[in-house]
Amino acid sequence: MNIDTNVSVILGRIVRDAEVKEKNGKKYCQFSVAVNTYAKDKPVGNFFNLAIFDKYAETIGPYLKKGQQVIVEGYLTQKNIEIGESKISTITLNVKRVQLVGNTGSKEESSNIDNEENIVTEDFDPEEYTG
């Protein structure tokens, strides 16, 4: 029996304030996290798109501010989108858990806000939420 695993954990800083929105009666929150890696001693920025749904989006959304350092855990989903004649692939990290590990300035703080009872079982469809 083969068992596949789809778990991702990233540590980075929020790129811009997250907003809780609603479409078709579903609450959601989209945001991006920047993660720096290094190649030949030079920093390389990577930007990851994240999505949170339902009650957890309402709970954690107001705390997700630009510059806030976070650890996020979730699972990746892929969606192929056609724009004109071009096909592009998008990857989104669907968030199950967020930990605020520092603030945007000098004072360190840590808060763990868990989403165990609000785990998303459906894949994120950007078209459903962005029209």
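Visitor: What makes Lys27 and Glu58 a salt bridge?

Guide: A salt bridge needs a side-chain nitrogen of Lys or Arg within 4 Å of a carboxyl oxygen of Asp or Glu. The closest N and O atoms of Lys27 and Glu58 are 3.9 Å apart, so the pair meets that definition. The two partners come from distant parts of the chain, with Lys27 in strand 3 and Glu58 in helix 1, 31 residues apart. Helices (H or I, at least four residues) and strands (E, at least two) are DSSP runs, numbered from the N terminus.

Visitor: What should I know about the model itself?

Guide: It is a predicted model, in which local features need pLDDT of at least 70 and side-chain atom pairs count only at pLDDT 80 or more, while totals for chains, interfaces and linings use all residues. Residues are numbered from 1 along each chain as its sequence is written, and side-chain values use heavy atoms, leaving out hydrogens and water.

Visitor: Why is Lys27 called partly exposed?

Guide: Buried means under 20% relative accessible area and exposed means over 50%, with partly exposed in between (1.4 Å probe, protein chains only). Lys27 has 26% relative accessibility, so it counts as partly exposed. Glu58, at 42% relative accessibility, counts as partly exposed too.

Visitor: With which other residue does Lys27 form a salt bridge?

Guide: Lys27 also forms one with Glu22, where the closest N and O atoms are 3.4 Å apart.

Visitor: What makes Glu73 and Arg97 a salt bridge?

Guide: Their side chains meet at 2.6 Å, N to O, so they satisfy the cut-off for a salt bridge. Glu73 lies in strand 5 and Arg97 in strand 6, so the pair ties together parts that are 24 residues apart in sequence. Glu73 has 21% relative accessibility and therefore counts as partly exposed; Arg97, at 22%, is also partly exposed. As for Glu22, Lys27 and Glu58, salt bridges that share partners join them into one network.

Visitor: How do you know that strand 2 and strand 3 pair?

Guide: Two strands pair if DSSP finds at least two bridges between them. Strand 2 (residues 19-23) and strand 3 (residues 26-39) have 5 bridges in the antiparallel sense, so they count as paired. Lys23 stands opposite Lys26 in strand 3.

Visitor: Which residues have the most contacts inside the largest nonpolar core?

Guide: They are Phe31, Val33, Ile52, Leu64, Val70 and Val98, in a core of 19 residues. Such a core is a set of buried Ala, Val, Leu, Ile, Met, Phe, Trp, Tyr and Cys residues joined through side-chain atoms within 4.5 Å; contact means heavy atoms within 4.5 Å.
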